[in-house]
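Good morning, colleagues. I should like to walk you through a structure that may be new to you.

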Amino acid sequence: MYMSFSKTPAFSKSGHITPFSDEADGMLIGEGLGMLVLKRLEDAEQANDHIYAVIKGVGTSSDGRFKSVYAPRPSGQALAMNRAYEDAGYAPSTVGLIEAHGTGTGAGDPTEFTSMNMVFGKDNPEKAHIALGSVKSQIGHTKAAAGAAGMVKAVLALHHKVLPPTINVERPNSQFDIENSPIYINTESRPWLRNGHPRRASVSAFGFGGINVHITMEEYEGKKPADYRLHEPFKTVLFQAPTPARLLQDCQATLARLLSEEAPAVFSRLAQDSKNTNPERPHARLGFVAGSADECAGLLQLAIQTLQKNQHAWNHPKGICYRPEGIDPTTQKVVALFSGQGSQYVGMGKELANAFPEVHGAFGKMDSLFRQDGEAPLSKTVFPVPVFSDEERQAQQEKLTLTQYAQPAIGALSMGVYKTLRQAGFQPHFAAGHSFGELTALWAAGVLDEDTYLALAKKRGAAMSAASSETDAGAMLAVKAPEAEVRQAISSMPGVSIANVNSNDQVVIGGGSAAIKAAAAQLQAKGLSVIPLPVSAAFHTAYVKHAQEPFARFVHNQQFNQPAIPVYANTTGLPYPGNADEQHAILEQQITNPVLFKNLIENIFRDGGRIFVEFGPRDVLSKLVQNILKDKELVALSVNPSPNKDSDLQFRQAALQLRVLGLPLSHVDPYKREAPAPLAKTKLNVALSGNNYVSEPTQKAYQAALNDGFRISGSQASVIEKIVEVEKIVEVPAGNSIDSKNENEEEAMNKEALKVLQAALESFNAHQTKSLEIFERFMSEQNQQGQQLLQLLSRQIEAPQNAGDAAAPASFEKPAPPVTPPKPQYKNGNGNGANGFVKAKVPGAGVEVEEKAEVKVKAEAEVKAPAAPNGMDTAKLEKSLLEVVSEKTGYPAEMLELSMDMEADLGIDSIKRVEIFGALTAQYPEMAGINPNELTELRTLGEIVAYVGKKGGAVVRRKG
């Protein structure tokens with residue numbers, strides 16, 4: 001089949017299969033076997049089977065007699081699809097996922113898209129609501145198994161409520177005009193939210209000769225087991241031991257097993273045992289989250305190295321947590337904090353919604369409220385369809401920034417994650433939120449029930465966005481300075497007021513857009529750092545009075561309950577009262593009153609709060625708490641600190657950190673179905689791949705043949721030795737003259753043959769010697785030319801530093817004549833005479849040059865950037881940067897690496913960058929001329945060192 005297809009334009013010349021892509025150039029062949037168990041639904045339910053999906057309709061057709069088997073017809077494919085939906089009894093427009101044939105060929109993809117548009121676009125004005133994909137982008141065209149592979153993918157998508165990705169698509173095929181169709185190419189895993197009807201998926205399999213099959217399926221809505229999920233990309237590993245020394249020994253023993261052949265089974269058992277491990281309070285404990293046995297071994301090795309140096313409590317940037325003992329829950333109380341507006345980002349919690357039903361369900365319930373009001377589901381804004389340009393991605397982010405979407409989105413995510421951790425045993429002593437987050441805190445404390453909370457979240461966002469487009473909604477500005485200093489600075493600025501007191505040195509002011517712009521210029525002139533905030537109005541000022549009144553009326557009609565735990569109010573910094581009327585009064589005025597978050601946190605700490613856990617996107621509140629309670633003993637963490645990391649991974653890491661602290665959490669993920677442990681390897685286990693299997697002895701022999709110097713078997717010295725031993729004295733008894741004569745003739749023939757063979761070998765050896773001579777001459781000339789080039793480059797590099805010679809033109813010396821080595825002397829015919837060295841004289845120089853047969857050129861060049869008057873040493877700069885980052889983030893300097901991403905790995909935001917740059921500037925005054933905005937694009941600590949070193953005139957050494 002491969003040979004047959006290779007004679008057609010069907011195969012990809014680039015070696016990549018990219019279905020429906022603008023760069024699609026053909027398919028790749030794969031191998032596979034798909035097995036599905038089909039039963040009548042009633043029989044499967046009666047047998048209590050695991051039911052993954054329900055087939056609703058099947059359609060088949062033939063293209064009939066047409067051009068060839070390689071030229072499919074849209075009309076024939078469309079006929080099969082229409083027949084399937086006739087059989088199913090519902091419209092094609094209700095389908096959410098199409099697993100297409102999708103071969104990536106020039107004829108197949110455009111034809112198939114045309115046929116899909118004929119069916120799914122008919123009487124369907126809605127755009128971009130049906131996900132399109134092809135599993136062939138991942139496994140190739142598996143020939144007879146291709147339809148089964150697509151069906152397995154679609155069935156599992158329905159079962160897990162996830163829209164699976166199609167990879168390798170940088171931009172859709174420009175011939176499709178896909179933007180004006182109901183179809184979009186799904187390039188990332190996204191939660192599949194219901195849209196008023198059951199989830200539905202379809203699969204196409206279009207074969208040779210125009211045979212078309214289309215199957216449409218629906219999710220199974222009956223009872224499912226709690227442990228329904230088949231995949232688990234991240235596994236928690238948790239160790240405990242009576243003492244740190246014993247813990248270290250256990251980790252070392254486990255690492256040895258992870259580095260052996262039994263690693264998969266060891267990792268599986270570690271993950272299984274860790275699910276319900278609750279370390280005893282006096283015990284030392286250590287843990288991390290890993291995705292594979294190899295990653296587990298790497299993290300454990302790093303943990304052992306760190307533990308050997310430091311047996312006090314620490315958290316490594318790579319997610320490893322250690323404590324010598326657990327906390328005392330009677331004195332170190334737990335606080336649940338809930339994010340406010342400004343933390344939102346597109347795709348927030350996407351992986352969590354794919355894995356945990358509570359998060360998925362929270363967005364589903366919010367979608368229902370939006371549909372009831374005749375609006376598009378919120379999930380379309382939070383988890384929008386994939387786009388393929390920066391401009392489109394920016395537009396999606398700006399849409400989510402609008403208050404009517406941002407607040408309910410943050411509320412849904414916060415609620416879902418809190419419910420997930422709550423069912424694992426999380427029990428806070430206090431609750432609080434920032435601005436909008438106060439609503440979530442009231443729900444978590446039981447003041448609001450779930451339906452009331454979701455309705456209030458949507459109502460609050462809608463009310464705050466309802467200002468007339470003709471009026472100024474105001475703007476907000478974060479100022480890095482203490483509250484007293486900011487109050488003094490803005491006292492003479494009309495139309496500006498304090499909206500938030502967030503921390504010891506961060507205050508947010510609000511007011512009219514023009515007033516805030518003027519305030520920013522005046523505050524900067526006074527030497528204060530300011531950052532404009534991406535908000536749609538001046539929250540907590542008189543500019544949102546239009547929202548306060550309708551929201552207050554809605555709040556007044558809701559049922560409030562007695563709080564189960566204290567909820568600290570933004571307006572007062574004190575716990576909410578138990579009386580419902582007083583609760584209403586505080587919440588009704590909250591929108592226009594300032595947020596006193598600093599006072600609130602200080603009061604919680606005074607009342608015993610020590611463990612602060614932030615629910616929602618990002619880690620804004622955790623950082624504020626660390627600033628407010630600086631130099632005090634506490635822990636502040638977020639369940640989703642970085643928008644650049646997998647939210648599922650971050651949630652598991654946060655839950656692990658709480659378990660290491662000593663909180664009684666267990667079985668955080670009850671939805672993963674337990675899989676059998678990996679079987680131990682036996683001699684019958686053979687690793688298979690796309691190549692034919694080759695045994696280890698054969699592989700070793702092959703490698704030995706490739707690395708033996710390419711010698712010809714039986715040649716050179718070994719043959720010559722046999723020639724020397726040929727001549728013998730043969731004694732012939734008298735009376736056997738005939739036999740003697742025969743033997744002499746045979747011996748003579750042998751001698752003649754050996755002479756011929758010897759002559760041939762000598763000729764071969766002479767040719768080899770001549771070839772080696774030519775090769776050595778070539779390498780010698782290359783060496784000389786390389787040295788001349790290095791000298792020339794060295795002069796050119798050093799030229800700018802010699803002021804007196806700056807204007808002199810570059811001079812190029814005439815190259816010296818090539819060195820001609822004498823004929824090499826060899827011993828034993830192996831080309832290694834004189835121990836591999838020969839002596840050669842450079843003509844005209846009178847200097848002997850010692851050359852080695854194997855030529856190696858090593859060059860070390862010192863490249864100097866134009867140095868400033870006070871040039872910096874990058875080694876010293878690196879050390880200073882690591883010390884400053886350690887001071888500002890709390891991570892020990894020895895844990896930091898220059899390759900670490902400042903935001904993703906270390907949680908350094910824009911404000912923290914300014915602090916770090918300021919501290920460095922104090923140590924290196926020559927940096928004062930660098931614009932801090934230029935540093936915003938730099939991702940890693942190493943990039944900062946390189947950039948600042950270059951700007952400040954550092955000497956950079958390049959090692960050859």
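I shall speak about salt bridges, then a buried histidine, then a patch of charge.

This is a predicted model, in which local features need pLDDT of at least 70 and side-chain atom pairs count only at pLDDT 80 or more, while totals for chains, interfaces and linings use all residues. Residues are numbered from 1 along each chain as its sequence is written, and side-chain values use heavy atoms, with hydrogens and water left out.

A search of the whole structure finds 29 salt bridges, each being a side-chain nitrogen of Lys or Arg within 4 Å of a carboxyl oxygen of Asp or Glu. One of them joins Asp-273 to Arg-269, with the closest N and O atoms 3.3 Å apart. Both residues lie in helix α8 (residues 263–274), 4 residues apart, about one turn of the helix. Helices here are DSSP runs of H or I with at least four residues, numbered from the N terminus.

Is His-159 buried or exposed? His-159 is buried, because its relative accessible area is 3%; buried means under 20%, exposed over 50%, and partly exposed in between, with a 1.4 Å probe and protein chains only. His-159 sits in helix α6 (residues 146–160). Leaving aside residues up to four places away in sequence, His-159 touches Ile-51, Tyr-52, Lys-224, Tyr-228 and Arg-673, contact meaning heavy atoms within 4.5 Å.

Finally, Asp-177, Glu-179, Glu-391 and Glu-392 form a surface patch of negative charge. Such patches join like charges within 9 Å, using residues with over 30% relative accessible area and no salt bridge. Glu-392, in helix α13 (residues 390–401), is partly exposed at 36% relative accessibility.

Note on methods: Patches are made of residues with over 30% relative accessible area and no salt bridge: like charges are joined within 9 Å, nonpolar side chains (Val, Leu, Ile, Met, Phe, Trp, Tyr) within 5 Å. Accessible areas come from the Shrake-Rupley method with a 1.4 Å probe; for residues, only the protein chains shown count as cover. Lys and Arg count as positive and Asp and Glu as negative; His and the chain ends are not counted. The place of a charge is taken as NZ of Lys, CZ of Arg, CG of Asp or CD of Glu. Helices (H or I, at least four residues) and strands (E, at least two) are DSSP runs, numbered from the N terminus.
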